[in-house]
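Reader: I have a structure to look at. Can you take me through the inside of it?

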Amino acid sequence: MPRFFLDISMSLDGFVAGPDATLEEPLGVGGERLHDWVLRLASWRSMHGLEGGETGPDDDIARATWERVGAEIMGRRMFSGGDGPWEDDPNADAWWGDDPPFHVPVFVLTHHDREPVVKQGGTTFTFVTDGDGSALEQARAAAEDRDVALGGGASVVQQYLQAGQLDELNIHVAPILLGGGVSLFGELGPDAPGLKLTKVVESPFVTHLTYEIERA
(Lines give C-alpha, C1' and ligand atoms only; values in the text may rest on other atoms or scores of the structure.)
Protein backbone atom coordinates (compact mmCIF):
# COMPACT_ATOMS: atom_id res chain seq x y z
CA MET A 1 0.00 0.00 0.00
CA PRO A 2 1.38 3.47 -0.84
CA ARG A 3 2.73 5.33 2.15
CA PHE A 4 2.67 8.91 3.38
CA PHE A 5 6.08 9.83 4.73
CA LEU A 6 8.04 12.81 5.98
CA ASP A 7 11.43 13.51 4.43
CA ILE A 8 13.32 16.37 6.07
CA SER A 9 16.77 17.50 7.24
CA MET A 10 17.16 18.52 10.88
CA SER A 11 19.96 19.86 13.05
CA LEU A 12 21.24 17.84 15.98
CA ASP A 13 19.38 20.19 18.33
CA GLY A 14 16.07 19.63 16.55
CA PHE A 15 15.65 22.58 14.19
CA VAL A 16 14.62 22.47 10.51
CA ALA A 17 15.42 26.15 9.95
CA GLY A 18 17.58 28.66 11.74
CA PRO A 19 16.42 31.91 13.35
CA ASP A 20 15.52 35.13 11.54
CA ALA A 21 14.32 33.76 8.21
CA THR A 22 14.08 36.28 5.35
CA LEU A 23 13.52 36.10 1.60
CA GLU A 24 17.29 36.23 1.20
CA GLU A 25 17.80 33.50 3.82
CA PRO A 26 14.58 31.44 3.75
CA LEU A 27 16.05 28.81 6.07
CA GLY A 28 17.19 31.42 8.58
CA VAL A 29 20.67 32.08 9.87
CA GLY A 30 22.78 28.97 9.30
CA GLY A 31 19.85 26.94 8.00
CA GLU A 32 21.37 26.28 4.58
CA ARG A 33 23.94 24.05 6.29
CA LEU A 34 21.18 21.53 6.96
CA HIS A 35 21.34 20.55 3.30
CA ASP A 36 25.09 20.51 2.73
CA TRP A 37 24.98 16.70 2.82
CA VAL A 38 22.65 16.44 -0.19
CA LEU A 39 24.12 19.16 -2.43
CA ARG A 40 27.25 17.09 -3.06
CA LEU A 41 25.38 14.00 -4.28
CA ALA A 42 25.26 12.68 -7.83
CA SER A 43 21.50 12.10 -7.62
CA TRP A 44 20.81 15.68 -6.48
CA ARG A 45 23.04 17.11 -9.18
CA SER A 46 21.36 14.97 -11.84
CA MET A 47 17.90 16.17 -10.75
CA HIS A 48 19.11 19.75 -11.22
CA GLY A 49 20.64 19.17 -14.65
CA LEU A 50 24.21 19.04 -13.37
CA GLU A 51 26.94 16.49 -13.91
CA GLY A 52 29.22 14.79 -11.42
CA GLY A 53 28.67 14.41 -7.71
CA GLU A 54 29.41 11.77 -5.11
CA THR A 55 27.95 8.30 -4.78
CA GLY A 56 27.74 6.07 -1.72
CA PRO A 57 25.23 5.49 1.12
CA ASP A 58 23.94 9.06 1.24
CA ASP A 59 23.38 9.10 -2.51
CA ASP A 60 21.67 5.71 -2.42
CA ILE A 61 19.20 6.93 0.19
CA ALA A 62 18.47 10.20 -1.60
CA ARG A 63 17.96 8.47 -4.94
CA ALA A 64 15.68 5.78 -3.48
CA THR A 65 13.59 8.45 -1.74
CA TRP A 66 13.06 10.53 -4.87
CA GLU A 67 12.21 7.45 -6.93
CA ARG A 68 9.39 6.40 -4.59
CA VAL A 69 7.58 9.78 -4.63
CA GLY A 70 4.49 10.20 -6.78
CA ALA A 71 3.27 13.46 -5.21
CA GLU A 72 4.34 15.89 -2.50
CA ILE A 73 2.63 18.07 0.11
CA MET A 74 4.08 21.26 1.57
CA GLY A 75 2.95 24.30 3.49
CA ARG A 76 2.65 27.82 2.15
CA ARG A 77 5.79 28.99 3.93
CA MET A 78 7.86 26.24 2.35
CA PHE A 79 6.46 27.24 -1.04
CA SER A 80 7.07 30.98 -0.89
CA GLY A 81 7.81 32.15 2.65
CA GLY A 82 4.59 34.17 2.67
CA ASP A 83 1.30 33.76 4.51
CA GLY A 84 -1.08 36.46 3.26
CA PRO A 85 -2.95 37.21 0.02
CA TRP A 86 -0.98 36.15 -3.03
CA GLU A 87 -0.93 39.65 -4.47
CA ASP A 88 0.98 40.78 -1.37
CA ASP A 89 3.54 37.97 -1.54
CA PRO A 90 6.84 39.18 -3.05
CA ASN A 91 7.83 35.56 -3.69
CA ALA A 92 4.50 34.31 -5.04
CA ASP A 93 6.26 32.37 -7.82
CA ALA A 94 8.22 30.40 -5.19
CA TRP A 95 11.90 29.61 -4.88
CA TRP A 96 12.59 27.17 -7.69
CA GLY A 97 12.20 29.01 -11.00
CA ASP A 98 10.61 27.56 -14.13
CA ASP A 99 11.85 23.98 -13.64
CA PRO A 100 11.42 22.96 -9.97
CA PRO A 101 13.16 19.80 -8.78
CA PHE A 102 9.99 17.92 -7.82
CA HIS A 103 8.84 16.55 -11.22
CA VAL A 104 5.57 15.36 -9.61
CA PRO A 105 2.32 17.07 -8.56
CA VAL A 106 2.81 19.24 -5.46
CA PHE A 107 -0.06 20.25 -3.17
CA VAL A 108 0.42 23.46 -1.20
CA LEU A 109 -1.62 24.07 1.96
CA THR A 110 -2.79 27.67 2.10
CA HIS A 111 -5.67 29.87 3.26
CA HIS A 112 -5.76 31.79 -0.02
CA ASP A 113 -7.28 30.57 -3.31
CA ARG A 114 -5.16 30.38 -6.41
CA GLU A 115 -5.31 28.58 -9.74
CA PRO A 116 -2.83 25.71 -10.23
CA VAL A 117 0.60 26.68 -11.55
CA VAL A 118 2.12 24.36 -14.17
CA LYS A 119 5.91 24.33 -14.38
CA GLN A 120 8.41 22.54 -16.57
CA GLY A 121 9.51 18.98 -15.89
CA GLY A 122 6.21 17.61 -14.65
CA THR A 123 5.73 19.83 -11.59
CA THR A 124 2.26 21.28 -11.04
CA PHE A 125 1.53 23.27 -7.87
CA THR A 126 -2.07 22.89 -6.67
CA PHE A 127 -3.19 25.19 -3.86
CA VAL A 128 -5.40 23.52 -1.27
CA THR A 129 -7.58 25.69 0.97
CA ASP A 130 -9.85 23.08 2.55
CA GLY A 131 -7.43 21.45 4.95
CA ASP A 132 -4.68 18.88 5.35
CA GLY A 133 -7.04 15.93 4.86
CA SER A 134 -8.10 17.23 1.47
CA ALA A 135 -4.48 17.81 0.46
CA LEU A 136 -3.59 14.23 1.37
CA GLU A 137 -6.60 12.83 -0.48
CA GLN A 138 -5.69 14.76 -3.63
CA ALA A 139 -2.02 13.82 -3.34
CA ARG A 140 -2.82 10.12 -2.96
CA ALA A 141 -5.00 10.23 -6.06
CA ALA A 142 -2.27 12.00 -8.05
CA ALA A 143 0.46 9.62 -6.83
CA GLU A 144 -1.57 6.51 -7.79
CA ASP A 145 0.54 3.51 -6.70
CA ARG A 146 3.54 5.56 -5.52
CA ASP A 147 4.14 7.20 -2.16
CA VAL A 148 3.29 10.72 -1.00
CA ALA A 149 6.08 12.79 0.53
CA LEU A 150 5.64 15.53 3.10
CA GLY A 151 8.32 18.19 2.72
CA GLY A 152 7.45 20.63 5.53
CA GLY A 153 7.48 23.02 7.15
CA ALA A 154 7.35 22.14 10.81
CA SER A 155 3.80 23.33 11.52
CA VAL A 156 2.44 21.21 8.68
CA VAL A 157 4.41 18.19 9.93
CA GLN A 158 2.90 18.65 13.37
CA GLN A 159 -0.62 18.90 11.93
CA TYR A 160 -0.28 15.58 10.14
CA LEU A 161 1.33 13.89 13.15
CA GLN A 162 -1.46 15.07 15.44
CA ALA A 163 -4.05 13.87 12.93
CA GLY A 164 -2.43 10.42 12.85
CA GLN A 165 -2.04 10.47 9.07
CA LEU A 166 1.70 9.98 8.62
CA ASP A 167 3.11 6.47 8.24
CA GLU A 168 6.85 7.10 8.38
CA LEU A 169 9.45 9.70 9.32
CA ASN A 170 12.71 9.97 7.39
CA ILE A 171 14.89 12.45 9.27
CA HIS A 172 18.35 13.36 8.05
CA VAL A 173 20.25 14.65 11.08
CA ALA A 174 23.03 17.06 10.11
CA PRO A 175 25.93 17.29 12.59
CA ILE A 176 25.35 20.97 13.34
CA LEU A 177 23.83 22.97 16.18
CA LEU A 178 21.67 25.90 15.09
CA GLY A 179 20.92 27.05 18.63
CA GLY A 180 17.43 28.25 17.73
CA GLY A 181 14.97 28.62 14.90
CA VAL A 182 12.08 26.42 13.84
CA SER A 183 11.72 23.27 15.95
CA LEU A 184 10.44 20.24 14.06
CA PHE A 185 8.46 18.81 16.99
CA GLY A 186 8.27 21.75 19.39
CA GLU A 187 4.48 22.20 19.44
CA LEU A 188 3.26 18.59 19.48
CA GLY A 189 2.38 18.49 23.16
CA PRO A 190 1.59 15.41 25.27
CA ASP A 191 -0.45 13.65 22.56
CA ALA A 192 2.54 13.05 20.28
CA PRO A 193 2.47 9.63 18.61
CA GLY A 194 4.82 6.80 19.47
CA LEU A 195 7.72 6.01 17.17
CA LYS A 196 9.60 2.83 16.31
CA LEU A 197 13.14 3.18 14.96
CA THR A 198 13.50 0.89 11.95
CA LYS A 199 16.70 2.01 10.20
CA VAL A 200 19.88 3.97 10.85
CA VAL A 201 22.45 4.82 8.17
CA GLU A 202 25.48 6.92 9.06
CA SER A 203 28.07 8.84 7.10
CA PRO A 204 30.53 11.60 8.05
CA PHE A 205 28.04 14.14 6.68
CA VAL A 206 24.64 13.06 8.06
CA THR A 207 22.78 10.38 10.01
CA HIS A 208 19.63 9.01 8.35
CA LEU A 209 16.90 7.90 10.78
CA THR A 210 13.75 6.08 9.73
CA TYR A 211 10.83 5.73 12.15
CA GLU A 212 7.49 3.98 11.81
CA ILE A 213 4.55 5.75 13.41
CA GLU A 214 2.99 3.53 16.06
CA ARG A 215 -0.79 3.44 15.78
CA ALA A 216 -2.89 3.52 18.93
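The turns below cover a core, an aromatic pair and a charged residue.

Author: This is a predicted model: local features need pLDDT of at least 70, side-chain atom pairs count only at pLDDT 80 or more, and totals for chains, interfaces and linings use all residues. Residues are numbered from 1 along each chain as its sequence is written, and side-chain values use heavy atoms, leaving out hydrogens and water.

Reader: Which element gives the most to the largest nonpolar core?

Author: A nonpolar core is a set of buried Ala, Val, Leu, Ile, Met, Phe, Trp, Tyr and Cys residues joined through side-chain atoms within 4.5 Å. Buried means under 20% relative accessible area (1.4 Å probe, protein chains only). The largest core has 30 residues. Five of them come from one element, α6.

Reader: How do the planes of Phe-4 and Tyr-160 meet, stacked or edge-to-face?

Author: Phe-4 is buried, at 0% relative accessible area, and Tyr-160 is buried at 0% too. Rings of Phe, Tyr and Trp (its six-membered ring) pair if their centres lie within 6.5 Å; planes under 30 degrees apart are stacked, over 60 edge-to-face, the rest tilted. Here the centres are 5.0 Å apart and the planes 80 degrees, so the pair is edge-to-face.

Reader: Which ring does Arg-40 lie over?

Author: Arg-40 is buried, with a relative accessible area of 17%. Its side chain makes a polar contact (here, a donor and an acceptor among N or O atoms within 3.5 Å) with the side chain of Asp-58, at 3.3 Å. A charge sits over a ring if NZ of Lys or CZ of Arg is within 6 Å of the ring centre and within 35 degrees of the ring normal. Arg-40 lies 3.6 Å from the ring centre, over the face of Phe-205.

Terms used:
Buried < 20%, exposed > 50% of the residue type's maximum accessible area, 1.4 Å probe, protein only. Helix = DSSP H or I, 4+ residues; strand = E, 2+ residues; numbered from the N terminus.
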